[in-house]
Amino acid sequence: MTIKIIATLFCIALIVLPFSIAAGNILFALSLLWGVISKHWWHGAVKLWQQARGLTVCWLAYIILMLLGLLWSPDTDRGWVVIGKQWSWLMIPLVITLCQDKQWLNRILWSLSIGLGLHLLLCVAQSQGIPLPVAAPGGSSQADPAGLIGHISFGLLYGIWAAWLLHLGWLQKNNWRYALWAVSLWAVVMVFIGQGRSGYLVVLILTMIMAWKLWLQHLSFRMLLGSLVVITVALITIMMGPAKERIQWTVDSLKAFSHGDLHDAEARLSLWYVSWEAWKQSPILGIGTGGFPNVTKAIIAQHKNLNMGGHDSFSVPHNIYLMELTRWGPLGLIILLLWLGTWIRMGWRIDWQEAHQLLIALSGIGLATHGFTSQAVEEYHASMYAGIFLAIGLASLTSTNVSTAKKAS
């Protein structure tokens, strides 16, 4: 009975999450607390250690370095806020336990898809000028409809979801495949309409990986060349269509930056420049966990040619690789790369003909790509959904191994 209550709370949370972070957090927290008390979370933690020991060690090293970084941080209060954002990763063991039961695995996948699908309908309504029930987050508007998620994480979530639906349709032998592909295409189109460049990159990379894994590597050279031409034409068409304005803005910003004109380049380039200058102040240990606002405020005050969007400080550089280098020096960047690299490597080596195991690779590659233009691993929607996708993939991997062992015995 306990597992049913926990799983029900979790499924409701997945449906609610795209619409309300507060409601989703309450439901997630209840399921997590109940899971710890009932020992279901601990069962999942054991499974996680058994199936992904290297990945778990790298994550623990990341958290330990985050705690140690408080020792030399100029702002420990801000550091504790940063550490508090890591709680979403604690959902992984619980999800692994819940997904050991195939019925609950299917219900969780349905709940996740219902939540994301309903939110897409909300985005369509927003694009038609229908007001949202509450204020839209930054970057979400009628021109760039990203609903209540916001355009920063929008492309990552829907890019991974669309790739999984594409793969699920590939495995189907009936007409359901066309419905799955239609929803996948709908999600991709909305990513490009939402005009988040990270989303463009995530979708394009995952599309190429899916094409290679499921199709291109099995073709002859002539067919491979022809397919690449078709894919290239399709990508150019997309980039000259809904993504044209955003891409042109990026090109113009890079040109301004290359000429030393940071004021006319977009704000993110100024953030990266200031972060680099902050790292140079302490290239070995970094500036510590939570030190960004204090350190960068002084640097910004010294440079009058920056485009900071009216702000005199910031908390993250919108690039996880630069973020960890600045916080904890080269060691921080190395641990981050080991964590993401272990994640992706594990997902790359599994059986891509299984229905859900590829979610390990999709979530890792998506998060690593998304991290070039965002804080990814500390961004609420990005970390929560990436962790859930990873846990579903790991649970599927565990179930497959258990079934194989039973057959062998």
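These are short questions and replies on how the labels for this predicted model are earned.

Me: What kind of model is this, and how are residues numbered?
Reply: The model is predicted: local features need pLDDT of at least 70, side-chain atom pairs count only at pLDDT 80 or more, and totals for chains, interfaces and linings use all residues. Residues are numbered from 1 along each chain as its sequence is written, and side-chain values use heavy atoms, with hydrogens and water left out.

Me: How many helices and strands does the chain have?
Reply: The chain has 17 helices and zero strands. Helices (H or I, at least four residues) and strands (E, at least two) are DSSP runs, numbered from the N terminus.

Me: Why is Y385 called buried or exposed?
Reply: Buried means under 20% relative accessible area, exposed over 50%, and partly exposed in between (1.4 Å probe, protein chains only). Y385 has 1% relative accessibility, so Y385 is buried. F389, at 2%, is buried too. Across the chain, buried residues make up 52% of 409.

Me: What makes W49 buried, exposed or partly exposed?
Reply: The relative accessibility of W49 is 34%, so W49 counts as partly exposed. W49 is in helix α3 (residues 40-51).

Me: Which residues make the nonpolar surface patch?
Reply: W49, V57, L60, I64, L68 and L71 make a patch of about 570 Å². Patch members have over 30% relative accessible area and no salt bridge; nonpolar side chains (Val, Leu, Ile, Met, Phe, Trp, Tyr) are joined within 5 Å, like charges within 9 Å. A salt bridge is a side-chain nitrogen of Lys or Arg within 4 Å of a carboxyl oxygen of Asp or Glu. Areas come from the Shrake-Rupley method with a 1.4 Å probe; for residues, only the protein chains shown count as cover. Helix α4 (residues 53-68) gives the most to the patch, with four residues.

Me: Which residues have the most contacts inside the largest nonpolar core?
Reply: F28, W339, W343 and L367 do, in a core of 113 residues. Helix α17 (residues 380-408) gives the most to this core, with 13 residues. Such a core is a set of buried Ala, Val, Leu, Ile, Met, Phe, Trp, Tyr and Cys residues joined through side-chain atoms within 4.5 Å.

Me: What is W339 in contact with, beyond four places in sequence?
Reply: L55, C58, W59, Y62, W89 and V377. Contact means heavy atoms within 4.5 Å. W339 also belongs to an aromatic cluster with Y62, W89, W328 and W343.

Me: Why is the pair of Y178 and W181 called stacked or edge-to-face?
Reply: Rings of Phe, Tyr and Trp (its six-membered ring) pair if their centres lie within 6.5 Å; planes under 30 degrees apart count as stacked, over 60 as edge-to-face and the rest as tilted. The whole structure holds 15 aromatic pairs. The centres of Y178 and W181 are 5.8 Å apart and the planes are at 85°, so this pair is edge-to-face. Y385 and F389 form a tilted pair, at 6.4 Å and 35°. Those two are four residues apart in helix α17, about one helical turn.

Me: What makes K39 and A376 stand out?
Reply: Neither is a glycine, yet K39 has a positive phi of about 75° and A376 one of about 30°. K39 is in the loop between α2 (21-37) and α3, and its 62% relative accessible area makes K39 exposed. A376 is in the loop between α16 and α17. A376 has a relative accessible area of 0%, so A376 is buried.
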